[in-house]
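Dear colleague,

Please find below the structure that I am handing over to you. My findings follow directly after it, for your consideration.

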Amino acid sequence: MSAVADTLTHWFNFPENIEKLMFPSRTHESRDHENKGCSSIPADILDTPKEFIFYLDVPGLPKSDIQVTVEDENTLVIKSGGKRKREEVEEEGCKYIRLERKAPQKLMRKFRLPENANVSAITAKCENGVLTVVVEKLPPPPKPKTVEVAIA
């Protein structure tokens, strides 16, 4: 990019706007019956030269309760039907006096992937309450070659 474009990008924070175009979240479509009762999962998305990396907060959920799928060929879907478990009180006479940490029943987040995402090469891992989903990028298409043909 030119220096002017770099300055404009910095001033107007275009990367965040571009991200919203490339990775719009579809959680606002809660009118759909499939999304009713679902909470949104906070996410950060990193665009690297070789891949897209999604970081999602899923505290207290075991990885066996989290599903990562691709729908409609380009929609990354992350959901959990699991429920965070509260610490069990083992001693008699003990009880909770305050419960502020809401344990959602269902979590869901959808992202429309860009055309250069390789949906066949997606990996995910869950550590310390953070789900990391890596979507590899497809190699750029080859540049068209110009072949000069001699006229006889």
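Read along the sequence, the protein follows the pattern α-α-β-β-β-β-β-β-β-β, and its secondary structure accordingly comes to two helices and eight strands. Please note that this is a predicted model.

Some overall values may be useful to begin with. Of the 152 residues in the protein, 26% are buried. The accessible surface comes to about 11900 Å², and carbon and sulfur atoms hold 53% of that area. Among the contacts with a separation of 6 or more, 57% join residues that lie 24 or more positions apart.

I turn next to the sheet. Four strands form an open sheet in the order 2-3-8-7, and their pairing is antiparallel. Strand 2 (43–47) and strand 7 (117–127) are the edge strands, each of them pairing on one side only. On average, neighbouring strands of this sheet are turned by 15 degrees against each other, with direction ignored. Within the sheet, strand 3 (residues 51–57) and strand 8 (residues 130–137) are joined in the antiparallel sense by seven bridges. One residue pair to inspect there is Phe 54 and its bridge partner in strand 8, Val 133.

Both residues of that pair reappear in the interior. The largest nonpolar core has 17 residues, and Phe 54, Leu 56, Ile 78 and Val 133 are those with the most contacts inside it. At least two residues of this core come from each of strand 3, strand 5 (75–80), strand 6 (106–112) and strand 8.

Which residues surround Leu 56, once its neighbours within four places in sequence are left aside? Leu 56 is in contact with Ile 41, Pro 42 and Ala 43, with Ile 78 and Phe 111, and with Gly 129, Val 130, Leu 131 and Val 133. Two of the residues named for their contacts inside the core, Ile 78 and Val 133, are thus also found in this list.

A final point concerns the loop between strand 2 and strand 3, where Thr 48 is found. Is Thr 48 buried or exposed? Thr 48 has a relative accessible area of 17% and is therefore buried, since the limit for a buried residue is under 20%. Apart from its neighbours within four places in sequence, Thr 48 is in contact with Ile 53 and Lys 137.

With kind regards

Methods
Residues are numbered from 1 along each chain as its sequence is written. This is a predicted model: local features need pLDDT of at least 70, side-chain atom pairs count only at pLDDT 80 or more; totals for chains, interfaces and linings use all residues. Side-chain values use heavy atoms; hydrogens and water are left out. Two strands pair if DSSP finds at least two bridges between them. Axes are lines fitted to C-alpha atoms, for helices over the stretch in contact, and angles run from 0 to 180 degrees between N-to-C directions. A nonpolar core is a set of buried Ala, Val, Leu, Ile, Met, Phe, Trp, Tyr and Cys residues joined through side-chain atoms within 4.5 Å. Buried means under 20% relative accessible area, exposed over 50%, partly exposed in between (1.4 Å probe, protein chains only). Contact means heavy atoms within 4.5 Å. Accessible areas come from the Shrake-Rupley method with a 1.4 Å probe; for residues, only the protein chains shown count as cover.
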